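Welcome! Here is a short guided tour for anyone meeting this structure for the first time. Please keep the sequence and the 3D view open as you read.

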Amino acid sequence: MRSDELPLSRAVVDRSAHLRDEQTLRELLTRDSTRVVLVRDGRVPVDPAGAVVLTTVDDARAAADDPSPDRWLLLGVDDERGYVALRAARGGDETAGLPREGSQSDRWVHTPASTATGGAGADAPGPGSTSQVRGGLAADGTRWASLRTVGATLPARDAGLVTTAVALDEWHERHPRCPRCGAPTRVTHAGWVRTCTEDGSEHYPRTDPAVIMAVVDEHDRLLLAHASAWAAGRYSTLAGFVEPGESLEHAVRREVAEETGVVVGPVSYAGSQPWPFPASLMVAFVGRALTSEVRVDGVEVELARWFTRDELAAAVVGGQVVPPSTSSIARALIEDWFGGPLPAATAQF
Ligand SMILES: [Zn+2]
């Protein structure tokens with residue numbers, strides 16, 4: 001797999017770390033060209049065509065009822081404009097915090113400047129399409145949609161912006177206090193640091209590495225598992241968090257042994273993808289199995305078995321196996337082994 005083609009790994013906007021200060025952020029918020037990703041609990045506003053709705057700063061302010069300055073995050077800058085995120089308050093009903101009908105968005109979409117990105121098909125999801133501010137937003141069918149659901153169909157620019165916005169929002173939500181002294185922290189460095197109000201210590205966004213692996217045996221069969229927490233029929237590759245003091249390769253072998261009893265020998269790197277639900281970086285590997293007997297732990301993993309390509313194709317078509325979502329690196333690992341896209345299911349189960 002190519003890491004820069006994975007759905008959530010396709011960021012193209014420069015992250016502009018050198019611009020992460022309060023003055024630059026304030027200045028960007030005065031520009032008409034600046035675009036805002038509204039983010040709320042892992043979700044972003046998506047129009048009926050599946051495109052992320054990027055708003056002007058004024059529209060974002062109106063949608064969030066004039067939010068406090070510490071809810072803005074600098075995402076990056078490209079040749080045309082700056083991109084920021086606004087962390088919408090969580091809770092409320094399903095339309096809370098969405099851009100409102102009759103706001104600046106309605107007029108912006110009709111200005112001459114917008115015709116360059118308008119036109120038939122401009123909102124179609126997929127590579128090369130262009131998201132834009134649209135009129136009649138909430139009433140137009142705009143809704144909060146999870147990055148997990150829409151990540152694979154967003155154009156690269158938007159997928160990258162939204163992934164970073166969701167990851168930062170999740171971190172801020174979970175780190176209101178200083179881990180040293182317990183005092184409240186405040187947002188600094190344009191949303192990239194939280195600084196303790198008592199001892200001044202600075203705390204940076206965290207990312208937790210997790211390994212995910214395609215384990216293949218001597219007959220070139222793939223090991224897939226069904227976790228007890230999943231819906232019936234869902235199968236995926238094995239995965240787990242890296243423990244303190246552990247290498248990635250060790251984590252691969254330990255997780256596979258714990259969950260299935262299979263012994264893994266050589267391990268090779270395959271790619272990585274951020275997975276901000278809430279804070280993972282998925283690091284993918286291919287592991288060569290030295291044994292083939294499967295003994296599941298029965299707690300985390302309920303079922304695990306080897307599949308040939310023909311067996312997997314038949315099980316997916318027949319609905320006995322539901323593969324992981326197209327946004328996930330698990331899907332990419334499986335399709336790498338399979339040799340192309342998995343077939344679609346034809347039967348309901
Ligand atoms: Zn402190």
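**A first look around**

F285 counts as buried, because its relative accessibility is 3%. That residue is one stop on a tour of a predicted model. The protein chain holds 8 helices and 14 strands, and buried residues make up 50% of its 349 residues.

**The chain as a whole**

- Take the contacts in the protein chain between residues at least 6 apart in sequence: 68% of these join residues at least 24 apart.
- The accessible surface of the protein chain is about 16,100 Å², and 52% of that belongs to carbon and sulfur atoms.

**Aromatic pairs**

- The count of aromatic pairs comes to 4.
- One of them is formed by Y269 and F285, an edge-to-face pair with 5.9 Å centre to centre and 75° between the planes.
- Y269 lies in strand β12 (residues 264-275) and F285 in strand β13 (residues 280-289), so this pair ties together parts that are 16 residues apart in sequence.
- The two partners sit in opposite settings: Y269 counts as exposed because its relative accessibility is 53%, whereas F285, at 3%, counts as buried.
- W337 and F338 form an aromatic pair too, this one tilted, with 6.4 Å centre to centre and 50° between the planes. Both W337 and F338 are buried.

**Helix α8 and its surroundings**

- Helix α8 (residues 329-338) is mostly covered, with 9 of its 10 residues buried.
- Among the buried residues of α8 are I329, R331, E335, W337 and F338.
- What do the buried residues of α8 pack against? Their partners are the strands β9 (208-216), β10 (222-227), β12, β13 and β14 (301-307), together with helix α7 (309-318).
- Just after α8 comes G339, which takes a positive phi of about 100°.

**The zinc site**

- Which residues are the protein donors of the zinc ion? They are C178 (SG), C181 (SG), C196 (SG) and D199 (OD), lying 2.2 to 2.4 Å from the ion.
- The arrangement is tetrahedral because the 4 donor atoms around the zinc ion subtend angles of 104 to 118°.
- Along the sequence, the donor residues follow the spacing C-x2-C-x14-C-x2-D.
- C178 and D199 link distant parts of the chain, 21 residues apart: C178 is in the loop between α5 (156-174) and β6 (185-188), and D199 is in the loop between β7 (193-196) and β8 (202-203).
- C178 counts as buried because its relative accessibility is 3%, while D199, at 37%, counts as partly exposed.

**Arginines over rings**

- R148 lies over the face of F277, at 4.5 Å from the ring centre.
- R305 lies over the face of F307, at 3.9 Å from the ring centre.

**Backbone details worth a look**

- F277 appears again here: a cis peptide bond joins F277 and P278, with omega at about 10°. P278 lies in the loop between β12 and β13.
- S16 has a positive phi, near 50°, although this residue is not a glycine. S16 lies in the segment before α1 (22-28) and counts as buried because its relative accessibility is 4%.
- D41 is another non-glycine residue with a positive phi, near 55°. Its place is in the loop between β1 (35-39) and β2 (43-46).
- Is D41 buried or exposed? D41 is partly exposed, with a relative accessible area of 41%.

Definitions and conventions
Residues are numbered from 1 along each chain as its sequence is written. This is a predicted model: local features need pLDDT of at least 70, side-chain atom pairs count only at pLDDT 80 or more; totals for chains, interfaces and linings use all residues. Side-chain values use heavy atoms; hydrogens and water are left out. Donors are N, O and S atoms within 2.8 Å of the metal (3.2 Å for Na, K and Ca); water is not among the atoms, so sites may look incomplete. Four donors count as tetrahedral if all angles lie between 85 and 135 degrees; four count as square planar and six as octahedral if opposite donors are over 155 degrees apart and all others between 65 and 115; anything else is irregular. Helices (H or I, at least four residues) and strands (E, at least two) are DSSP runs, numbered from the N terminus. Buried means under 20% relative accessible area, exposed over 50%, partly exposed in between (1.4 Å probe, protein chains only). Rings of Phe, Tyr and Trp (its six-membered ring) pair if their centres lie within 6.5 Å; planes under 30 degrees apart count as stacked, over 60 as edge-to-face and the rest as tilted. A charge sits over a ring if NZ of Lys or CZ of Arg is within 6 Å of the ring centre and within 35 degrees of the ring normal. Contact means heavy atoms within 4.5 Å. Accessible areas come from the Shrake-Rupley method with a 1.4 Å probe; for residues, only the protein chains shown count as cover.
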